[in-house]
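Visitor: I'd like a close look at one part of this protein. Could you start with a single residue and then work outwards from there?

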Amino acid sequence: MKTINPPQNGTAVSFQIPSPSASLPFTKAGSCFALGLVLHAAILLVPIIARSAAAASDRVTINFDRDWRFHLGEVENGQATETNDSDWRKLDVPHDWSIEGENTAERTNLPMLSIVEGKWSFHRGDNADWKLPKTKLEGWETVALPAFWNDHSNYNDRNCFGWYRRTITIPQEMQGKTILLNLGRIDDCDEAFVNGKKIGSTGHMPPNYSTAWENVRLYRVYPKLLHAGENVVAVRVYNGESKGGMYDAGATTIKPEGPFDPLSPAGDGGGYLNGGIGWYRKTFDAPKEAKDRRVSIEFDGAYMDSDVWLNGKHLGKHPYGYTGFSYDLTDSLLPEGKNVLAVRLNVSQPCSRWYSGAGIFRHVRLQVLHPVHIAHWGTYITTPKIESGAAQVNVATRVRNDGKEAVEATLFTEVIGPDAKVTRASGDAAKVEIPPGGEKTIEQTVTVSQPQLWSIDSPQLYCATSQVTVAGETSDFTTTNFGIRTVEFTKDRGMFINGKHVPVNGVCNHHDLGCLGSAVHFRAIQRQLEILKGMGCNAIRTSHNPPDPALLDLCDRMGFVVMDEAFDEWKNGKTPLGYGRFFDEWSERDIVSMLHRDRNHPCIVLWSIGNEIPEQGSGRGGAMAKRLSDICHREDPTRLTTSACHMPGPADRNGFAQALGVFGINYNIAAYRQFKDKYLLIGSETSSALSTRDEYGLKVGGDGKVQIQREFEHQVTSYDIVGPQWGYIAETDLLALMHSPWVAGEFVWTGFDYIGEPTPFRWPSRSSYFGIVDLAGFPKDRYYMYRSVWRPEPLVHLLPHWNWPGLEGKEIPVWAMTNCDSVELFQDGKSLGEKKLDRDKALHVAWNVTYKTGTLKAVGKKDGKTVATDEVHTTGKSARLELHADREKFAADGDDLAFVEVRVVDEHGTVCPEAGNLVQFRVTGPATIVGVDNGDPINHEPFKADKHTVFHGRGLVVVQSSHTPGVVHLSAETVGMQEGPILQMETVAPEEKPNK
């Protein structure tokens, strides 16, 4: 077996492909599955090169993640080969520049003039001349702002225009300078003019209307537009629905805090983290194997609006950041000398309702292919017939001929089972004549005897190997993982897998990975899934975009079902610079890209064509939904489609719902019964409960009694009592699903907190409160309520903690979340009574307990026997730090991670819930610190740092391996405590990497 070195630094491994007459050499099924994961780039940490023993002519896959150069900001001729990038930052991808918070300098340095507050002239209607400085103001009203125009002018119309005008004088210290004109927040969209010249706009005016009501308007004004005396500012405003006008003065400071910019165009939805323009360049030698071969570059995702060049030649544009794409490099690749690949990304904000990230945030690989090869995402596997003794596996393989002459290609297909049993396609090997520049689809059938079915409880995976030969020599070889299973949705009992009823206990998750941002890390996704599985979660909705391939690979292996979602918006955009501007041209290409990449994954049970699409309430909505559903059925007839509908009534009336296989219902419990027996139903987005980990909001009220503050100081109580206007608390939502067995289940909003959309607050809040788990990965109290329903093990969970100085002698509400028949509560060994649980009406029991320092103990009982307990203790003073790693060994592959929790504990080792120490971390050995966090949604410390405060006694530091095995030491210290701990870990060769 021969090893070939790739053209860049790194290691290459190879495996031998036998002749078509021999059995494939996999002695363990796991070998095939691991290879499949590598080829999907989930663990593309070393190049994997597949070689034919006879001719060495099959594909070569090279990791292209390493040794890029990056520049933040526009670069003139950044694509040109001769551009000097020696002073650009050197890094590896996946990379997210937005999380680093470096793109704030311009706003920091420009003077800002805020002009909303005060008297303006206002006129209803629309006239283009009203922007001109000499416009007469006869008939205009004088109004005081900020205010909605409903309030200042009783203007209650919708789908209407209004104009504002005022004169301003530029302060002496700003004259002659470029300034930022702050026009605050405007409902819904606007165009702004100074002295008759347009300075900017936010949102989209009709006919392609989209609102931008939450965004602060900051418009750059150059000195040449300004006069020394009076200047006329005119603002054209369009209101689509609800109220309109210049309703908020906006922020009064432009000073960022850490990476967070209060005036970021991303707004609170994007977590106040800036996008902008970024350039990546990679210089490389052509692979030696490229002679007489085709060479292509594959990106799993780059956010967003990417342009790619090779040696100055434009290869193409790809707007959507969440779908993969590839380009053929062959014609522009220099066989000798240096090649320069350049990528420009344009993250114009606001482009997303949540934190998008910015950069080449997923993996990249180079493919070197024989002219006759299996097309990109060219293998499609279905299992149309499954019986107890045998399963029919259909394999459709698209084989391309990029050569100059017609060829006869032969395809050999084998299936390897979890038990390493090999089964070949029936009949002779498939032969097909392929013209130059053409492709043919070859369909083959493999009959697998005694199939081991994929399920949530037993996620058995098979592997199909596809070998193409021309004139007796191998020209391509690929592997494809798949599962054998049936999925059925019913109107009376929900979802069945392999004939067994399976409730969908699911969560929605955005793609960011907390302090790591949007940059993909296999281990970070795996950790999230492990935490969710511990709660009893068995389903993931990829909200609201196609995920990284690693998530699907992991769900296949770990036993999760997936709703794979394409879009958050169609033509009618939700954000001014979102996907709506690309929908007409790109929607079919992007959804086909998602389907072709993902359709072999057994974990996927539904294709979602969109989330809360505005068109579901319009006359054209039904036809648009049918178009996208038809595309899904054309490309994959084995699965049903859905869409997450927050307006189920209109969706039912206009044909939108009829275009779906499963009607997804968002936040409408009454709709479960309304549409019972009419549609297959699923709770596509549920609850939206709000809370902050370990925040309880206990306060003595005017009556002298302790009260629970629902929202306070930009935090939300962890008692399950707060939901937004559109949603429900967790308990209400869970009970509704328990009483609606005909609904397949639910996807809770959300599994994890995420950056951006900090409902119900704005600045200084920078991340969400929706998660069952906080941003750092620490479970909130709600986690245990879901676990009490979604897992069978007896459980009792007490809240709040028991450190309440100043509340001595006051009654504190104490809850026990449980699935037991009853719970008895003890205070310092004395029973405070036993409470029975009526599971039809509640998922917790409660007491009012007079506070004193000590211990509370809850005893859960079933049939009168103790089956579960939980305790909370009053802690002593903070005594020391502790470090707890999620693994002692991790792979020396440059990508693997160790997540380390830092705890502030008392002398007994109990976490101190009031601790907020600043902790300094230091790492030695072959690893680096790549992220820190504590789960506090208003914390503005950088995520990319080596120190961070803890939040309620807990914090997180993430350590990433280098490419060298060795011993890693992580230390932590804080002021006022004894010498901090030193944690020893080890990075090992990738082949020795443990599962956990």
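Visitor: Leaving aside its neighbours within four places in sequence, which residues is W570 in contact with?

Guide: Sure, and one thing up front: this is a predicted model, where local features need pLDDT of at least 70, side-chain atom pairs count only at pLDDT 80 or more, and totals for chains, interfaces and linings use all residues. Residues are numbered from 1 along each chain as its sequence is written, and side-chain values use heavy atoms, with hydrogens and water left out.

Now to W570. Setting aside neighbours within four places in sequence, W570 is in contact (heavy atoms within 4.5 Å) with G580, F583, I609, G610, I613, E615, G621, M624, A625, L628 and F656. W570 also belongs to the largest nonpolar core, a set of 181 residues, and is among those with the most contacts inside it, along with W68, Y280, L341, I360, I591 and F663. A nonpolar core here is a set of buried Ala, Val, Leu, Ile, Met, Phe, Trp, Tyr and Cys residues joined through side-chain atoms within 4.5 Å. Buried means under 20% relative accessible area, exposed over 50%, and partly exposed in between, using a 1.4 Å probe and protein chains only. There's a second, separate core of 31 residues, and it includes I115, L145, L225 and V235. As background, nonpolar side chains tend to be buried together in soluble globular proteins.

Stepping back to the whole chain, 63% of its 996 residues are buried. Among contacts with a separation of 6 or more, 72% come from residues 24 or more positions apart. The chain has eleven helices and 61 strands; these are DSSP runs numbered from the N terminus, with helices being H or I of at least four residues and strands E of at least two. The radius of gyration is 30 Å, close to the 30 Å that the globule rule gives for 996 residues, so the chain is as compact as a globular protein of that length. That radius is taken over C-alpha atoms, and the rule is 2.2 Å times the number of residues to the power 0.38. Along the principal axes, the C-alpha atoms fill a box of roughly 85 × 85 × 65 Å.

Some loops deserve a look too. Most residues other than glycine have a negative phi, and most peptide bonds are trans. Y667, in the loop between β39 (662–666) and α9 (669–674), has a positive phi near 55 degrees, and Y667 counts as buried at 12% relative accessibility. H952 also has a positive phi, near 50 degrees; H952 lies in the loop between β58 (947–949) and β59 (954–961) and is buried, at 14%.

For cis peptide bonds, check D187 and D188, where omega is about 10 degrees. D188 sits in the loop between β10 (179–187) and β11. Another cis bond joins P206 and P207, with omega about 10 degrees, and P207 is in the loop between β12 and β13 (216–221).

Finally, G196 is in the loop between β11 (189–194) and β12 (197–202). G196 is buried, with a relative accessible area of 16%, and neighbours within four places aside, G196 is in contact with K131 and P133.
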